[in-house]
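Good morning, everyone, and thank you for making room for me on the agenda. I would like to walk you slowly through one structure, so please keep the sequence and the 3D view open while I talk.

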Amino acid sequence: MTLLIAHRGNTNSFRENTLEAFLSAFKMGADGIELDIHLFNGEIVVVHDFLFNQNNKYPKLKDVLREIYSKGRIEIEIKEFDSKILQPLKEVLNKFPRADFELTTSEIPLAPYIKESFPEIPLGLIFHDSLFHEWMTQELVKQKLIGWGKLAKADRLHVSLKTLKQFGQGVLVDELHKSGFIVHSHIFNTGDQSNDFAKISEWSVDQCTFDNIDILKLRNT
């Protein structure tokens with residue numbers, strides 16, 4: 001069964017990347033939550049945008065984890081262009097040794113540094129759609145995903161439904177599995193979400209983030 005992870009928490013009812021959004025998502029049956037982190041003034045804060053408003057007050061990761069570390073999967077996207085975040089992140093995560101963490105990034109050069117710092121925590125490599133082009137073949141996309149995944153020392157590959165649909169669907173998922181990767185996708189709050197949910201199940205996608213908390217209702221239909 002696909003693991004369902006609330007992207008930035010329950011954003012239908014609460015502001016994204018807040019403790020309230022995360023707690024609500026778990027209460028409503030999500031298997032996990034996704035959050036975004038930055039290093040700011042020596043603290044790791046939970047906020048999405050790279051150019052976030054530095055005058056605002058954002059939750060500290062250590063405070064959020066204290067409340068949710070035992071509730072399910074916690075997918076932490078590291079949004080930095082520098083490895084200096086990794087030591088303070090290690091100090092925070094070491095306080096929660098029993099938590100089910102996954103560290104992710106779309107900053108591919110950063111990925112091997114993350115794996116070196118956290119060899120025991122699964123690493124998810126995020127592939128944006130812009131990395132793939134119409135002229136590419138299914139075989140080329142497969143090679144790129146697997147090759148970059150290995151170079152980055154990733155355990156899990158985050159591939160959008162758009163890319164999966166365009167370049168192999170369930171066959172591509174099977175090939176990534178054969179190469180030893182867990183496959184992660186994402187259901188956006190657009191289009192036919194019911195059909196998208198059916199596809200991730202049909203193609204044996206291992207885990208999936210979602211924007212709309214109502215996706216959880218589809219699990220029981």
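I will go through charged pairs, then one helix, then a buried lysine, and finally the nonpolar cores.

Before anything else, please keep in mind that this is a predicted model.

Let me begin with the salt bridges, of which the count comes to 15. I will pick out a few of them, starting with Lys 142 and Glu 139, whose side chains meet in a salt bridge with a distance of 3.2 Å from N to O. How far apart are Lys 142 and Glu 139 in helix α5? They are three residues apart in this helix, which covers residues 138-151, and so they are separated by about one helical turn. The two partners are not equally accessible, since Lys 142 is buried with a relative accessible area of 18%, whereas Glu 139 is partly exposed at 40% relative accessibility.

A second pair is found in helix α7, residues 170-178, where Glu 175 and Lys 178 also lie three residues apart, about one turn of the helix. Their closest N and O atoms are 3.7 Å apart, and they form a salt bridge. Here Glu 175 counts as partly exposed, with a relative accessibility of 24%, while Lys 178 is exposed, with a relative accessible area of 67%.

A third pair is Asp 214 and Lys 217, a salt bridge in which the closest N and O atoms are 3.5 Å apart. Asp 214 is partly exposed at 34% relative accessibility, and Lys 217 is exposed at 56%. Salt bridges can also join into a network, and one such network links Arg 73, Asp 100, Glu 102 and Arg 156.

Now let us return to helix α5 and look at it as a whole. It has 14 residues, and from its first C-alpha to its last it reaches 20 Å, close to the 20 Å expected at 1.5 Å a residue. Which residues of α5 are buried? They are Val 141, Lys 142, Lys 144, Leu 145, Ile 146 and Gly 149, so you will notice in that list the lysine from our opening salt bridge with Glu 139. The buried residues of α5 pack against the strands β6 (123-127) and β7 (156-159), and also against the helices α6 (161-166) and α7. Just after α5, Lys 153 takes a positive phi of about 65°.

Lys 153 leads us to another lysine, because Lys 115 is in contact with it, as well as with Ile 121, Pro 122, Leu 123 and Asp 155, leaving aside neighbours within four places in sequence. Lys 115 is found in helix α4, residues 111-117, and is buried, with a relative accessible area of 15%. The side chains of Lys 115 and Asp 155 are joined by a polar contact of 2.7 Å.

Finally, we come to the nonpolar cores. The largest nonpolar core has 62 residues, and Leu 35, Ile 37, Leu 61 and Leu 93 are the members that touch the most others. Not counting residues up to four places away in sequence, Leu 61 touches Leu 35, Ile 37, Ile 44, Val 45, Val 46, Leu 89, Val 92 and Leu 93. There is also a second, separate core of five residues, among them Phe 40, Val 45, Phe 52 and Tyr 58.

Thank you for listening.

Methods
Residues are numbered from 1 along each chain as its sequence is written. This is a predicted model: local features need pLDDT of at least 70, side-chain atom pairs count only at pLDDT 80 or more; totals for chains, interfaces and linings use all residues. Side-chain values use heavy atoms; hydrogens and water are left out. A salt bridge is a side-chain nitrogen of Lys or Arg within 4 Å of a carboxyl oxygen of Asp or Glu. Helices (H or I, at least four residues) and strands (E, at least two) are DSSP runs, numbered from the N terminus. Buried means under 20% relative accessible area, exposed over 50%, partly exposed in between (1.4 Å probe, protein chains only). The expected span of a helix is 1.5 Å times one less than its number of residues. Contact means heavy atoms within 4.5 Å. A nonpolar core is a set of buried Ala, Val, Leu, Ile, Met, Phe, Trp, Tyr and Cys residues joined through side-chain atoms within 4.5 Å. A polar contact is a pair of N or O atoms within 3.5 Å; within protein, one must be able to donate a hydrogen and the other to accept it, and residues adjacent in sequence count only if both atoms are side-chain atoms.
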